[in-house]
Amino acid sequence: MIQFQNLRKVYIMGDEQVAALDGVSLSIARGEHLAVIGPSGSGKSSLRNILGGLDRPTSGTYRFEGEDVGAFDDDGLAAFRGRRIGFVFQSFQLLPRLSALQNVELPMVYAGVAPAERRERAAGLLDRVGLASRTGHRPTQLSGGQQQRVAIARALANSPDLLLADEPTGALDTHTGQEVLALFRQLNADGLTLVIVTHDQEVAAQADRRVSFRDGRIIEDERSAPA
Amino acid sequence: MRFVELVRFASSAIVAHPMRSVLTSLGVVIGVAAVVIMTSIGLGAQQRVTASISSLGSNLIIVTPNFQRGGGFVSQGAGAGVTLTDGDAEAIARQVDGVAAVAPQVRGQAQLIAEGANWSTRVEGVTPDYLIARDLTVDAGRMFDDREARQGRKVAVIGRTVARQLWGDADPVGQRVRVRSVPFEVVGVLGSKGQSAFGQDQDDVVIAPLAAVRSRITGRRFRGDVVQQIYVKAGSEDDLDRVQEDVGVLIRERHRIKPGDDDDFQTQNMASILQASQAAIATFTILLAAVAAVSLLVGGVGIMNIMLVAVTERTREIGLRMAVGARRSDILIQFALESVALSLVGGLIGLILGVLGAIGVAKLGSWPAAVPPWAGPLSLGFSMLVGLVFGAYPSWRAARLDPIEALRRE
């Protein structure tokens with residue numbers, strides 16, 4: 001589904017060029033459960049940004065279902081992010097003024113889904129992540145684990161091809177983190193392609209495939225047999 | 001449909017900080033209110049001046065002696081400026097085409113006494129055509145006729161105020177009144193014209209035949225056939241300029257003024273006086289409104305300031321919206337709408353306050369104020385423009401944000 005071909009991302013810091021990604025080639029198949037691991041500065045965040053359509057590579061190609069994402073213009077990338085990708089962030093990134101339901105509706109608003117259908121789908125997704133009774137709550141009225149579930153429901157709103165999670169358990173305690181990872185495994189079992197970016201080996205250990213980064217290069221790509 | 005959603009986002013952001021939103025739009029509120037009040041006062045003044053000048057009579061030309069004849073001469077003494085005569089008036093009536101009425105006039109101030117009551121008022125010596133020239137009417141009784149005028153009979157037509165002061169509610173027609181000790185018979189009462197723009201009571205007047213008033217009441221200056229001014233009413237508005245010119249030529253001829261010499265009289269056309277004063281008031285109004293509009297601009301700067309704060313505060317929100325599929329144009333429109341809405345609500349409140357203020361000024365200050373009908377659409381349109389212009393830069397900043405940077409912001 002996803003092909004990276006000799007991907008480079010170069011930042012200019014003063015008069016020095018820093019290669020955050022230095023020739024990365026990677027393929028991800030539909031239905032994979034993949035962890036991107038590496039210490040900070042290894043290039044995994046740059047990979048997340050390009051993979052999620054938040055940024056463009058300096059050189060190399062990024063094909064998603066055969067489409068050249070690197071060639072999309074700003075509006076094209078916005079549509080790509082909205083419909084193909086579901087983001088889950090470490091700090092949840094819920095809008096504090098909106099209810100859980102409205103937060104889940106947000107991607108559908110930008111995708112042009114009609115209000116009635118939007119509400120119905122959002123309610124269904126909150127039910128799926130176990131928050132059917134919390135639809136009217138504001139983020140501040142929810143626990144961290146509940147907020148992350150709302151964020152996951154939001155990521156699923158437009159039925160994306162890829163769920164892209166960045167340190168999804170980083171702000172949660174161990175127990176709640178495990179619950180969230182269990183939810184991810186269940187979504188993956190239902191057929192969703194899942195990429196988790198993390199520096200946490202325990203989180204990575206739950207994935208079927210681990211791609212390790214260091215200094216902008218892939219140093220290891222290992223698969224474990226399904227547990 | 002997407003636009004409707006963006007309107008909803010923008011309005012919910014405004015409602016989220018009610019106090020801040022009110023304070024932000026306060027500048028626009030004050031600006032719009034000031035513009036509305038200023039233009040209302042200007043229009044009121046214009047209406048009042050128009051009414052008072054046209055109350056003199058329509059299509060009217062006033063011929064007066066020119067007191068400043070020639071340069072370098074020392075004061076020419078009492079009566080030196082009095083150059084118009086009955087003959088001039090008769091000549092205008094006879095020789096100028098398209099004249100509806102010619103009315104020579106002398107006037108003076110005199111004490112009136114009737115049955116013990118007394119009242120000081122303006123006494124005008126005129127001909128019966130004066131009614132036509134000045135668009136006056138007689139409410140009760142009658143106007144004196146040509147024969148009475150020629151003979152200089154002691155008959156008078158009085159204004160409403162004079163009637164009330166001397167006889168109260170009683171009918172003054174047929175009563176006797178002593179004008180500076182000369183007994184007159186009241187034959188009629190003039191229709192009320194009310195107050196002029198300059199606060200003068202136009203009903204505080206007595207009119208009587210020219211010959212009866214001349215010299216006895218107005219003093220020695222107006223002996224013989226001298227008149228103070230001549231009212232000339234043109235038959236139609238189209239004739240006005242030509243009649244004015246013909247009158248000028250005729251009187252120059254009669255007064256034997258050589259080409260190149262200054263006139264010893266002047267003609268004033270009421271329509272041009274009206275035009276000139278309206279133009280002056282319009283200029284004044286525009287000036288006032290422009291000063292008031294400056295506060296509207298200051299209000300716009302206030303909106304820009306708060307919108308820049310909002311963009312900084314909501315950087316993460318902007319990043320998140322972009323991550324879930326918002327285009328840069330969606331962000332731009334959302335913030336522009338927010339700014340326009342703040343300004344528009346301010347404009348609406350300002351319009352209401354401005355109209356109330358104009359009504360208050362009219363009531364309390366006895367100053368005329370009329371809210372122009374275009375005040376509503378104009379002030380709302382203008383505040384929308386202010387919102388757009390001053391919201392443009394903050395909205396552009398919001399739309400240019402890098403989603404990665406924006407999401408990273410804590």
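Colleague: How far apart do the C-alpha centres of domain 1 and domain 2 of chain B lie?
Modeller: Bear in mind that this is a predicted model. The domain assignment of chain B gives domain 1 as 2-52 + 276-408, and domain 2 as 67-263. Between the C-alpha centres of these two domains of chain B, the distance is 55 Å.

Colleague: Thanks! Are α11(B) and α12(B) roughly parallel or roughly antiparallel to each other?
Modeller: Let's start with the angle. Helix α11 of chain B covers residues 328-364 and helix α12 of chain B covers residues 375-400; their axes are 7 Å apart and they pack at about 150°. An angle over 145 degrees counts as roughly antiparallel. The relation of α11(B) to α12(B) is therefore roughly antiparallel.

Colleague: Which hand does the crossing of α11(B) and α12(B) have, right or left?
Modeller: These are the helices of chain B that pack at an angle of about 150°. The crossing of α11(B) and α12(B) is right-handed.

Colleague: And how many nonpolar residues has the contact of α11(B) with α12(B)?
Modeller: Happy to split that by class. The contact of α11(B) with α12(B) has 11 polar residues and one charged residue. Its nonpolar residues number 19.

Colleague: Now to the two chains: which element gives the largest share of the side of chain A that touches chain B?
Modeller: Chain A puts 21 residues into the contact, and chain B puts in 19 residues. On the side of chain A, the elements giving two or more residues are α3 (100-110) and α2 (74-84). The largest share there is seven residues, and it comes from α2(A).

Conventions. Residues numbered from 1 in each chain as written. Chains lettered and ligands numbered in written order. Predicted model: local features only at pLDDT ≥ 70, side-chain atom pairs only at ≥ 80, totals over all residues. Axes fitted to C-alpha atoms, helices over the stretch in contact; angles between N-to-C directions. Helix = DSSP H or I, 4+ residues; strand = E, 2+ residues; numbered from the N terminus. Parallel < 35°, antiparallel > 145°, perpendicular 65-115°, else oblique. Left-handed = near helix turned anticlockwise from the far one by under 90°. Nonpolar A, V, L, I, M, F, W, Y, C, P; charged D, E, K, R; others polar. Contact = placed C-beta atoms within 7 Å. Domains from an automatic or database assignment.
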